[in-house]
Amino acid sequence: MSEQTQEPGSSAPRRVVVAGAGMAGVQTAVALREQGFTGTVILIGAEPHQPYDRPPLSKAVLLGKAEGSAFDVDFEALGIELRLGCEVRGLRPGDHELDTEDGPVPYDVLVVATGAEPIRLPGAEGVPGVHLLRTLDDAERLRPVLARRQDIVVVGAGWIGAEFATAAREAGCAVTVVEAAERPLAGALPAEVAAPMAGWYADAGAVLRTHARVERVEPGAVVLDDGSRLPAGAVVVGIGARPATAWLSGSGIELGTHDEIVADQHLRSSAPDVYAVGDCASFPSGRYGERLLVHHWDNALQGPRTVAVNIVGRASGETPAVYDPVPYFWSEQFGRFVQYAGHHAAADTILWRGDPAGPAWTVCWLRGDRLVALLAVGRPRDLAQGRRLIESGTPMNPALLADPARPLKAATA
């Protein structure tokens, strides 16, 4: 990427504006105060709701077990100014101004944390009964659908599709999941790892149809390209998300191949005094030797700490902190707790711990003798120990690692 223009030793910022009031934005604002920043902090969010956490939307909120998932943060006590229901419209880095629907907002430092937005199903716009699941309002619209136990078609067998199908089955709905690829999680996991997960749908009473492309959506039905017609009181689309960066058009900020902000190892964008964090930004990983775009909760939790340290420390000439985490996420689906740590793209060996037909098993990816990623199903201890082993780069003994009775920390070389 282009050379960054923000230099240590510049004057201390007095006004930090955070665009985006999701996990990444909220944590950035809070972390600034934790790091001792005493200037103005303005947190701008497009939604009118008090800032909230997203994972419960596909679980407790959707099933009516919780009314919301607002962050337990006293913004007033922290001196964080909230501007909610205010959409960002553009950015003029040369003027140090953020354009919003309420007018321009000047900044000394801007942190972009606008997250990602769901990909919409072509041709389904405006069709009654078609839903997304990304926001609190989405969950509120879907809650009565589940309560009425309607027949539901879920488009996409990724993480969000599986989680919604889980909740819908728990609510007593008939559920059919259609996936264009040959298996669930085709874009996230190798075929041999995702294969055992296909059986989870039937175990839960859901129908999974792979190699199934949606031809069109009609009121009350989904028509597939093979002519199949699936009754659908509701259709839930979960075919992925893309960085919410369209509003940066014309700003000059460098965007990557997925339209994400190209951040450096310190989470600085190509524009002076503009940082980027969370789902809307990629960063170079020294650990994995490639640029990562991570659309998961933990990235939105960890990245803001690096941003805050670098904003507060730059005026005093401190060496900027490097962001190079071991990515982590979890998913609750069909009665199973699935956790993943690391990045397996560059692995050259895969090892199994336990029987994938059983309730608990782990997959480990190695590069040479180093653990680079693992996926644990019902084995949280494997995940916790494995994450630390990935971080430390400890050499592993493959023969010992494959023994599910042996703790991971005791499988070192």
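**Exercise 1. A small sheet**

Which residue in S20 is the bridge partner of Val-262? Find the strands around this pair and describe the sheet that they belong to.

*Solution.* The structure is a predicted model, in which local features need pLDDT of at least 70 and side-chain atom pairs count only at pLDDT 80 or more, while totals for chains, interfaces and linings use all residues. Residues are numbered from 1 along each chain as its sequence is written, and side-chain values use heavy atoms, with hydrogens and water left out.

Step 1: the bridge partner of Val-262 in S20 is Ser-282. Helices (H or I, at least four residues) and strands (E, at least two) are DSSP runs that are numbered from the N terminus.

Step 2: S18 and strand S20 (residues 281-285) pair in the parallel sense over 2 bridges, where two strands count as paired if DSSP finds at least two bridges between them.

Step 3: the open sheet has 3 strands in the order S18-S20-S21, and its pairing is mixed. S18 and strand S21 (290-293) each have a single partner strand and stand at the edges, so one side of each is left without a neighbour in the sheet.

**Exercise 2. A strand covered on both faces**

Decide which residues lie on each face of strand S16, and then find strands that are joined to S16.

*Solution.* Step 1: in strand S16 (residues 234-237), Ala-234 and Val-236 lie on one side and Val-235 and Val-237 on the other, and all of them are buried, which covers both faces. Buried means under 20% relative accessible area, exposed means over 50%, and partly exposed lies in between (1.4 Å probe, protein chains only).

Step 2: strand S9 (residues 130-131) runs parallel to S16 and is joined to it by 2 bridges, with His-131 having Val-236 as its bridge partner in S16.

Step 3: strand S10 (residues 152-155) also runs parallel to S16, to which 4 bridges join it, and here Ile-152 stands opposite Ala-234.

**Exercise 3. Positive phi angles**

Locate His-96 and Asp-273, and compare their phi angles with the general rule.

*Solution.* Step 1: most residues other than glycine have a negative phi.

Step 2: His-96 has a phi near 55°, a positive value in a residue other than glycine. His-96 lies in the loop between strand S4 (88-92) and strand S5 (97-100), and its relative accessible area of 22% means that it is partly exposed.

Step 3: Asp-273, which is not a glycine either, has a positive phi of about 65°. Asp-273 is found in the loop between strand S18 (261-262) and strand S19 (274-276), and with a relative accessible area of 16% it is buried.

**Exercise 4. Salt bridges**

How many salt bridges does a search of the whole structure find? Examine some of them.

*Solution.* Step 1: the search finds 23 salt bridges, each being a side-chain nitrogen of Lys or Arg within 4 Å of a carboxyl oxygen of Asp or Glu.

Step 2: one of them joins the side chains of Glu-163 and Lys-59 (3.5 Å, N to O). This pair links distant parts of the chain, with Glu-163 in helix H4 (residues 159-170) and Lys-59 in the loop between strand S2 (40-44) and helix H2 (75-78), 104 residues apart. Both Glu-163 and Lys-59 are buried.

Step 3: the side chains of Arg-370 and Asp-369 also meet in a salt bridge (2.9 Å, N to O). Arg-370 is partly exposed, with a relative accessible area of 37%, and Asp-369 is partly exposed as well, at 34%.
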